[in-house]
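This report looks at how protein and DNA meet in one model, and then at the aromatic rings of the protein. Please keep the sequence and the structure in view while reading.

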Protein chains: 2
Amino acid sequence: MDDRDAQLREGAERLALTLTESGMQRTTARVMTALLFSQQETMTAADLCEELKISSGAVSGAVKQLIPTGMIERVPAPGSRRDHYRFRDHAWATLMGNQNTLLDSMWNAAAEGIKAAGKESVAGRRLDEMQDFYGFMQREMAALIDKWREGYDAGMR
Amino acid sequence: MDDRDAQLREGAERLALTLTESGMQRTTARVMTALLFSQQETMTAADLCEELKISSGAVSGAVKQLIPTGMIERVPAPGSRRDHYRFRDHAWATLMGNQNTLLDSMWNAAAEGIKAAGKESVAGRRLDEMQDFYGFMQREMAALIDKWREGYDAGMR
DNA sequence: CCGAATGTTTACAGATCTCTGAAAGTTCGA
DNA sequence: TCGAACTTTCAGAGATCTGTAAACATTCGG
């Protein structure tokens, strides 16, 4: 049983590492995966400090980054003065949805480049392909995420 | 005209910054966007050193990262001993395609977690949703990229 | 083969990022 | 309004990352 717990903790750390490698901050990723893999419904800041062996300041910083992205939420805990945190339902879909803003800036970067270079130029042609691609992705990704949401909610019933 | 060039260079730097913020290394991003926004078909390492004011070692390192991802390629330059680099066609589609390996590791992380936690547990239910989501995305993303490729190639004709 | 022209690797210095620890701030029950 | 229980902020130490310079490797014309 303790063995199971160790495996979970290890899995959490491994995923955190992957996320770190693709750009997320180390501590932020660790806090997120700790909440994801926890067998408790919610965890307090103190729980996170102990589990991850980090200071309360570090937890506070990570939480501050995570909440606005919609990955975790603060839940009121009746009878406790401590903040409780929970990994949100559909967090992954939210996360991927946020990527849309990135898609957006890519499209914009291409558009601005075309304005400066002209469509009929060496750079213009490259940027045109880029714009086409990101325009397409932007439209389709939003639809795709909705499709998953619907399918998942339907399966729940 | 020189003004146009300045705007292009600025656009390149701005995009590099965005990319850096979402996890790409600074110099790698700068080399990539320099090639993307360049009005030349290809650039040599020396061109990149001058344009970006960085050492040849830095260029070498960036190129080493970029080539395996499929974003740029080395092109043989008849009559020149120098290596020439070019931003690849469909590079963006390739880049997004590579994300599939990330989707894959997310799915795997979820699967391993479920194995350790059991499906019918607090963590198990969270991981089950995660696995469902990434399984879905993996299947659909590949299809989406193909769809864009087809559409774009058709438009070319 | 030699040696000039390039490309690659690497030790190290500087820049940057990230945590900690402690002080300051907030909240809430009494 | 006080003070205990927490959380947030922040300066600074330490760890990490990054780019340079120079040594080393490679390539190719002659």
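## Polar contacts with DNA strand C

A polar contact is a pair of N or O atoms within 3.5 Å. In this predicted model, a side-chain N or O atom of A:Q25 lies 3.3 Å from a phosphate oxygen of DNA strand C, and the side chain of B:S60 likewise places an N or O atom 3.3 Å from a phosphate oxygen of that strand. For B:K64, the distance from a polar side-chain atom to a phosphate oxygen of DNA strand C is 3.2 Å.

## The surroundings of DNA strand C

There are 16 residues around DNA strand C, and those that come nearest are A:T27, A:S55, B:K64, B:R82 and B:D83. Helix α4 of chain B, residues 56-69, gives the largest share of this surface, with four residues. Sorted by class, the surface near DNA strand C holds seven charged, six polar and three nonpolar residues. On the DNA side, sugar or phosphate accounts for 73% of the strand C atoms within 4 Å of the protein, while the rest belong to bases.

## The surroundings of DNA strand D

DNA strand D is surrounded by 17 residues, of which A:K64, A:R82, A:D83, B:T27 and B:S55 are the closest. The side chain of A:K64 has an N or O atom 3.2 Å from a phosphate oxygen of this strand, whereas A:R82 has a polar side-chain atom 3.2 Å from a sugar or linking oxygen of DNA strand D. The elements that give two or more residues to this surface are α4 (56-69) of chain A and α2 (26-37) of chain B, and the largest share, four residues, comes from α4(A).

By class, the residues near DNA strand D are eight charged, six polar and three nonpolar. Of the strand D atoms within 4 Å of the protein, 78% belong to sugar or phosphate and the rest to bases.

## Aromatic pairs

Over all chains, the whole structure contains ten aromatic pairs. In one of them, A:Y134 and B:W92 meet edge-to-face, with 5.5 Å from centre to centre and 70° between the planes. This pair crosses between chains, from helix α6 (residues 122-156) of chain A to helix α5 (residues 91-117) of chain B. A:Y134 is buried, at 3% relative accessible area, and B:W92 is also buried, at 2%.

Why does the pair of B:W148 and B:Y152 count as stacked? The ring centres of B:W148 and B:Y152 are 5.0 Å apart and their planes stand at 25°, so the angle falls under the 30 degrees that stacking requires. B:W148 and B:Y152 are four residues apart in helix α6 of chain B, which means that about one helical turn separates them, and both residues are buried.

Notes
Residues are numbered from 1 along each chain as its sequence is written. Chains are lettered from A and ligands numbered from 1 in the order in which they are written. This is a predicted model: local features need pLDDT of at least 70, side-chain atom pairs count only at pLDDT 80 or more; totals for chains, interfaces and linings use all residues. Side-chain values use heavy atoms; hydrogens and water are left out. A residue is near a molecule or strand if one of its heavy atoms lies within 4 Å of it. A polar contact is a pair of N or O atoms within 3.5 Å; within protein, one must be able to donate a hydrogen and the other to accept it, and residues adjacent in sequence count only if both atoms are side-chain atoms. Ala, Val, Leu, Ile, Met, Phe, Trp, Tyr, Cys and Pro count as nonpolar, Asp, Glu, Lys and Arg as charged, and the others, Gly among them, as polar. Rings of Phe, Tyr and Trp (its six-membered ring) pair if their centres lie within 6.5 Å; planes under 30 degrees apart count as stacked, over 60 as edge-to-face and the rest as tilted. Buried means under 20% relative accessible area, exposed over 50%, partly exposed in between (1.4 Å probe, protein chains only).
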